[in-house]
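Okay, everyone, thanks for coming. I'll put the structure up, and then we'll walk through the fold as a whole and the empty spaces in it.

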Amino acid sequence: MKYDKSFAALVAAGLVRGSLAQTWCGKNFMANQSVVPPGGQFVLPTQSVEPLLSFRCAPVFRPYLQEDAKSAAFVVDTPIVYDWITGAEPILLPSTSGSSSGSTGLGSITVTISVGSVKTTANVPLNATNVQIPVDISKLQAQKTAYNVSCSATYTAPSSSKSQPAYDQKFKTSASLLYLPDTNASVTKTDLRTGALWVRPANGKGGAFAPFVPQGFYINFDQYLAKNLTMIDQLKADGFIHPIPPYDNLTIFQEVINKTASAGMYIVYDMRSNYQNLTAVAQQVKTYASIPNLLNWETAHEPDGNSDPQNAARSTYDLIYQMDGYHPISIVLNCEDYNFSPYVKGADIVIQDAYPIGINATYSPVWHTVCTPDFGHCGCDNCQGTLSDIKSRVQTYKERLNIMGFDRTKSVWTTPQAFGSGAYWNTTPTGQQWAAMEFTSFSHGALGSKSYQYPTTTGNVTTIEGTATNLTILIKDFIQPFVVDPKTTFASYDYQGVDAGLWHNGTAYLLLVANLVNANVYVPWKDVGLGSITNATTQLQRVFSVSQNTNATGLNFRPGGIGIYTATPP
């Protein structure tokens with residue numbers, strides 16, 4: 001379907017209608033309103049002079065099924081930190097240990113995992129992450145209610161001298177194990193080692209679970225899908241599908257489910273219109289939990305912007321898990337920093353939807369008022385109006401989840417901007433800008449992407465849809481194998497405005513790069529973690545690039561340049 005500016009204006013107008021509450025992100029924004037600080041800011045942890053242990057444990061998968069019982073495992077983290085993040089406790093280290101940069105000389109920690117009648121003990125290195133401990137759960141009864149898990153640890157610091165005998169230090173944390181009966185219906189697991197989803201084939205014909213990094217689009221059901229089911233054919237090339245409610249014509253909605261399942265496409269069921277009505281939620285879960293291609297439930301959409309009751313998403317979350325448990329739950333947050341903590345308690349997947357391209361970051365063309373941290377609505381909360389806003393938003397959400405103790409159990413997804421030219425936005429992102437939003441999101445920890453919204457710009461490879469068709473394949477073939485691998489190491493880099501993510505699976509590297517500034521930049525290999533490259537011609541493979549190339553010593557970027565590379569240095 002061809003994208004045009006009348007459609008763009010309609011989309012933008014819908015977003016304005018969505019913000020007609022008296023405040024947005026807790027801020028007044030109309031000319032007749034006064035400046036009132038919104039409050040609700042995230043509280044950062046205080047620092048500690050002494051070392052702290054951030055002891056955490058979680059099942060490797062959520063949920064486990066009966067068929068998985070013998071191969072179940074838990075993942076344990078024992079990092080030494082110097083911030084009072086949730087659950088951190090003081091730990092006395094050997095006086096010769098020096099710093100928290102490694103585990104050498106620190107010894108090990110004895111970890112015991114207890115769930116029901118099952119108890120397993122293992123030794124884990126101190127200051128380590130992603131350590132797996134096998135736990136046979138076959139003696140437990142598969143059930144809808146999650147099991148409470150107790151994880152305890154004992155650390156005996158190696159003695160530095162005979163005059164200082166070692167003594168035991170004890171630590172505790174808890175976890176939740178969801179162990180469900182086998183089913184032939186759809187199941188979406190989350191790998192808590194990486195945050196990635198694992199799914200069976202969407203056609204409902206059975207098959208093995210496999211990792212899946214979602215890339216797709218929101219699309220309005222009533223306005224587009226209900227009138228033209230052939231749009232699903234194009235959306236298949238662009239990724240999975242997220243119909244925006246209301247789903248007024250349930251007969252056609254069932255046709256959408258059937259057609260997408262036949263096409264092997266996953267679908268997200270969206271409850272934004274009535275997620276606070278628990279009776280309606282229960283009816284929807286009962287009706288749609290068993291469809292063969294259900295990827296996940298989405299409940300609250302921008303509850304922070306709308307100032308929805310802070311416990312509403314959590315109440316819905318608890319009800320859905322009581323009834324289903326086979327699919328994760330997502331919410332979408334729009335604000336940079338407004339009541340993040342209470343809202344994310346109602347989600348497994350936290351999705352950011354900052355839309356910075358084409359805004360005036362200091363003055364609203366809709367409300368004719370200024371935008372400051374305490375006042376105004378400019379279409380992108382506390383944004384600068386650049387691609388770096390996406391990088392900052394994803395990274396900030398990831399860091400907050402870690403501070404809250406949810407780094408294993410909640411993941412971050414992103415919503416690239418695929419609209420504009422109306423309301424707050426004076427332009428629409430190019431295909432290159434749209435891809436840069438994808439790249440910087442993955443480079444800062446996002447594990448899924450669904451753009452707002454379809455139909456979008458089309459016509460050639462420079463448009464969003466023209467780019468999406470190719471990028472969906474590249475994500476599956478090149479990016480996904482690295483980001484879903486729990487053995488892969490990862491680092492991010494920022495060099496003069498060029499954002500880079502580097503994954504290493506032990507034999508090869510994946511490099512994602514995006515120039516987020518409007519300038520030419522040259523980046524030496526060593527400044528994106530690839531200083532070991534001695535021959536770029538033979539050791540580097542270009543997968544995809546726009547406005548960007550390489551030479552023997554590094555990468556050349558024009559403004560907005562992007563690229564995907566694999567590397568196999570000696």
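So, of the 570 residues in this protein, 56% are buried. Keep in mind that what you're looking at is a predicted model. On the outside, the protein exposes about 22600 Å², and carbon and sulfur atoms supply 52% of that area.

What about the overall build? We have 12 helices and 30 strands. If you lay the C-alpha trace along its principal axes, it spans about 80 × 55 × 55 Å. A compact globule with 570 residues would have a radius of gyration near 25 Å, and this protein comes in at 24 Å, so the two agree. The chain also makes plenty of links across the sequence: take the contacts between residues at least 6 apart, and 71% of them join residues at least 24 apart.

Now, the empty spaces. Rolling a probe the size of a water molecule over the atoms shows where empty space is left.

Let's begin with the largest pocket, which holds about 1200 Å³ of space. Its lining takes in 38 residues, and Arg193, Lys398, Asp407, Arg408 and Phe490 lie nearest the centre. Several elements give two or more residues to that lining, namely β6, α9, β24, α11 and β25. Which of them gives the largest share? That's α9, with five residues. Sorted by class, the lining has 14 nonpolar, 14 polar and 10 charged residues.

Moving on to the second largest pocket, we're at about 870 Å³. Here 33 residues form the lining, and the closest to the centre are Arg62, Ala175, Ser176, Phe406 and Thr409. At least two lining residues each come from β2, β12 and α7. If you want to find α7 on the screen, look at residues 312-323; this helix gives the most to the second largest pocket, with five residues. The class split for this lining is 13 nonpolar, 10 polar and 10 charged.

Last one: how many cavities of 30 Å³ or more does the structure hold? Just one, and the space in it is about 30 Å³. Its lining includes Arg62, which we just met by the centre of the second largest pocket. The other lining residues are Pro63, Thr188, Thr190, Tyr321, Gly325, Tyr326, His327 and Pro328. By class, that makes four nonpolar, four polar and one charged.

That's the tour, so let's open it up for discussion.

Technical notes. Residues numbered from 1 in each chain as written. Predicted model: local features only at pLDDT ≥ 70, side-chain atom pairs only at ≥ 80, totals over all residues. Heavy atoms only, no water. 1 Å grid on protein atoms, 1.4 Å probe; cavity = no way out; pocket = protein on both sides within 12 Å on 5 of 7 lines; lining within 4 Å. Points joined across faces, edges and corners; volume = space filled by probe spheres on them. Nonpolar A, V, L, I, M, F, W, Y, C, P; charged D, E, K, R; others polar. Helix = DSSP H or I, 4+ residues; strand = E, 2+ residues; numbered from the N terminus. Rg over C-alpha atoms; globule rule 2.2 N^0.38 Å. Buried < 20%, exposed > 50% of the residue type's maximum accessible area, 1.4 Å probe, protein only. Contact = heavy atoms within 4.5 Å. Areas by Shrake-Rupley, 256 points an atom, 1.4 Å probe, with all protein chains shown as cover.
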